[in-house]
Amino acid sequence: MTCRAVLSIGGNQGDARALLRGVVEAAAADGILRGVSSLYATPPWGGVEQDDFLNAVLVVEHPGSPGDVLEWGFERERAAGRTRDVRWGPRTLDVDVVVAEVNGHAVTSADPRLTLPHPRARERAFVLVPWLELEPDAVLDSVPVHSLIGALDPAEVAAVRRLDDILAPENREG
C-alpha cells in the first residue's frame, strides 16, 4: 500500500520556523517527502485572538494508510509539545491531512479522527494558496484549487503572505 497525502503544517508558538522545518526534515529523513511549498505568514483563523501563523504544505508518499500518515503527523506534534487546549487556538505545531490517495484512488472518510478530505480545507486560504503553489493542477473534491481560491474573500487570500524562507532541506544553505 502507498498513501500519497497532502499535509498542511502550521504553528505560531515558539520557534515556528524551526518546528516547521523539523517536519520537513523528518519527512525527508523518513524518505516520504515528495514536495514542499514555500513558507507563508497568515492571520489566525477561527476567531481566537493570537499571533499570526507560519504555514506550508507538504506532499508525502507513505508506505502505510492515511491513518498512519495522521499518526506520523501526531508524532511531530507531540515532539513539538503540541497541546489541544483551545480549538483554533495558538499552537506550536499543527499537522493536518488535507487529502489522501491510496494506490492512486482518492480516500474519503467520515471518521471524526480523520475526515477526508479535510472538512474545512476549501475555506482556508492558508491551505489552498501554498497547495496551489506546490501543485498548480491540485483538485479538492473534484474542484480545481485555483477555483476554490477564487471563491474566497480576496482580502483573506491577500493576507496569505509568501516569505523568503526555504523549507526544503535539499535547497537550504548552511
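A search of the whole structure, which is a predicted model, finds seven salt bridges. Three of the pairs are tabulated here with their N to O separations.

| Acidic residue | Basic residue | Separation of N and O |
|---|---|---|
| Glu-135 | Arg-4 | 2.0 Å |
| Glu-61 | Arg-34 | 3.6 Å |
| Glu-71 | Arg-113 | 3.3 Å |

Glu-135 forms a salt bridge with Arg-4. Glu-135 sits in the loop between α3 and β9 (139–140), while Arg-4 belongs to strand β1 (residues 3–11), so the pair ties together parts that are 131 residues apart in sequence. Arg-4 has a relative accessible area of 24% and is partly exposed.

Glu-61 forms a salt bridge with Arg-34. This pair links distant parts of the chain, with Glu-61 in strand β4 (residues 53–62) and Arg-34 in strand β2 (residues 33–36), 27 residues apart. Glu-61 counts as partly exposed at 31% relative accessibility, and Arg-34 counts as partly exposed at 46%.

The side chains of Glu-71 and Arg-113 meet in a salt bridge. Glu-71 is in helix α2 (residues 66–79) and Arg-113 in the loop between β7 (109–111) and β8 (114–116); the two are 42 residues apart and link distant parts of the chain. Glu-71 is partly exposed, at 26% relative accessibility, whereas Arg-113 is exposed, at 51%. A network of salt bridges links Glu-71, Arg-78 and Arg-113.

Helix α3 (residues 125–134) is mostly covered, with seven of its ten residues buried. These are Ala-125, Phe-126, Val-127, Leu-128, Val-129, Pro-130 and Trp-131.

Note on methods. Residues are numbered from 1 along each chain as its sequence is written. This is a predicted model: local features need pLDDT of at least 70, side-chain atom pairs count only at pLDDT 80 or more; totals for chains, interfaces and linings use all residues. Side-chain values use heavy atoms; hydrogens and water are left out. Buried means under 20% relative accessible area, exposed over 50%, partly exposed in between (1.4 Å probe, protein chains only). Helices (H or I, at least four residues) and strands (E, at least two) are DSSP runs, numbered from the N terminus. A salt bridge is a side-chain nitrogen of Lys or Arg within 4 Å of a carboxyl oxygen of Asp or Glu.
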